[in-house]
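Me: Please examine the model below with me, one question at a time.

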Amino acid sequence: MLLHDTALIFGRYARQTLRSRFAMFFGVLMPLLYLLFFGPLLTRLPLASRGTSWQILVPGLLLQLGLFGAAFAGFSIIIEKNLGIVERMRVTPVSRLALLLGRVLRDAAVFVLQGVLLVLAALVMGLRAPLAGILIGFAFVALLTVSLASLSYALALKVSTPQEFGPTVNALTMPSMLLSGLMLPMALAPGWLDVLSHFMPFRYLVDAVRDAYVGSYATAHMLYGVLVALGLTALAVTVGTRVFRRTGA
């Protein structure tokens, strides 16, 4: 029943997404602009001992796509609360976990698709990376989306208005982006900032995907990245499910 209910919810929101092609386009537009206008500035800079500037920038943009897109996913459920959709779902026998999984799996599918478009554009501009590394990057985007979207929906069920939700998410996502080294490796940062960034879980995901893009898979960065991604996903889905159950969503 859980699989059936999850597929049912996923299908509902997938159809909703397919009717909003402009939302998908504008979702990938910002990373593409970074790729087009910021990427060429890095081509002659010594950003790391291994890999090209594209192998540094593109993994960061992939995870930026998941970070910002999934973090703001909760806006949709605030609208549903105001329209009474959440109230109507409360009386259905659908699993509360399925109500969460259907939504976050839809989000993961959308952002992986946008990530594919981003990587294709990067390949045209000069990115060279092994296929296995690119696929690993998509897997990290999916896990990051599932975890952050789960937390985003949980937060959205706790607040009353978009005016409360938006500033809260902004206050969390901006430091996350700056301290995780999405745009530039934290190895370039001053010592104190590099140390501080190790308390940001997203940094380990960024380091792991950058290793994958240069063909290094059996590294400490990859191990830490996988452990952090799986642990964060399990924790976020657990928290999200509890909030869905307590609110009767």
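Me: What length does helix α6 reach from its first C-alpha to its last?

Reply: Helices are DSSP runs of H or I with at least four residues, numbered from the N terminus. In this predicted model, local features need pLDDT of at least 70, side-chain atom pairs count only at pLDDT 80 or more, and totals for chains, interfaces and linings use all residues. Residues are numbered from 1 along each chain as its sequence is written, and side-chain values use heavy atoms, with hydrogens and water left out. Helix α6 covers residues 96–125, 30 residues, and its span is close to the expected value (1.5 Å times one less than the number of residues), reaching 44 Å.

Me: Is Glu80 buried or exposed?

Reply: Glu80 is found in helix α4, residues 75–83. Buried means under 20% relative accessible area, exposed over 50%, and partly exposed in between, with a 1.4 Å probe and protein chains only. The relative accessibility of Glu80 is 5%, so Glu80 counts as buried.

Me: How are the planes of Phe75 and Phe165 arranged?

Reply: Rings of Phe, Tyr and Trp (its six-membered ring) pair if their centres lie within 6.5 Å; planes under 30 degrees apart count as stacked, over 60 as edge-to-face and the rest as tilted. By this rule there are three aromatic pairs. The ring centres of Phe75 and Phe165 are 4.8 Å apart and their planes stand at 75°, so the pair is edge-to-face.

Me: Which helices hold Phe75 and Phe165?

Reply: These two residues are 90 residues apart in sequence, so their pair ties together distant positions of the chain. Phe75 lies in helix α4, and Phe165 lies in helix α8.
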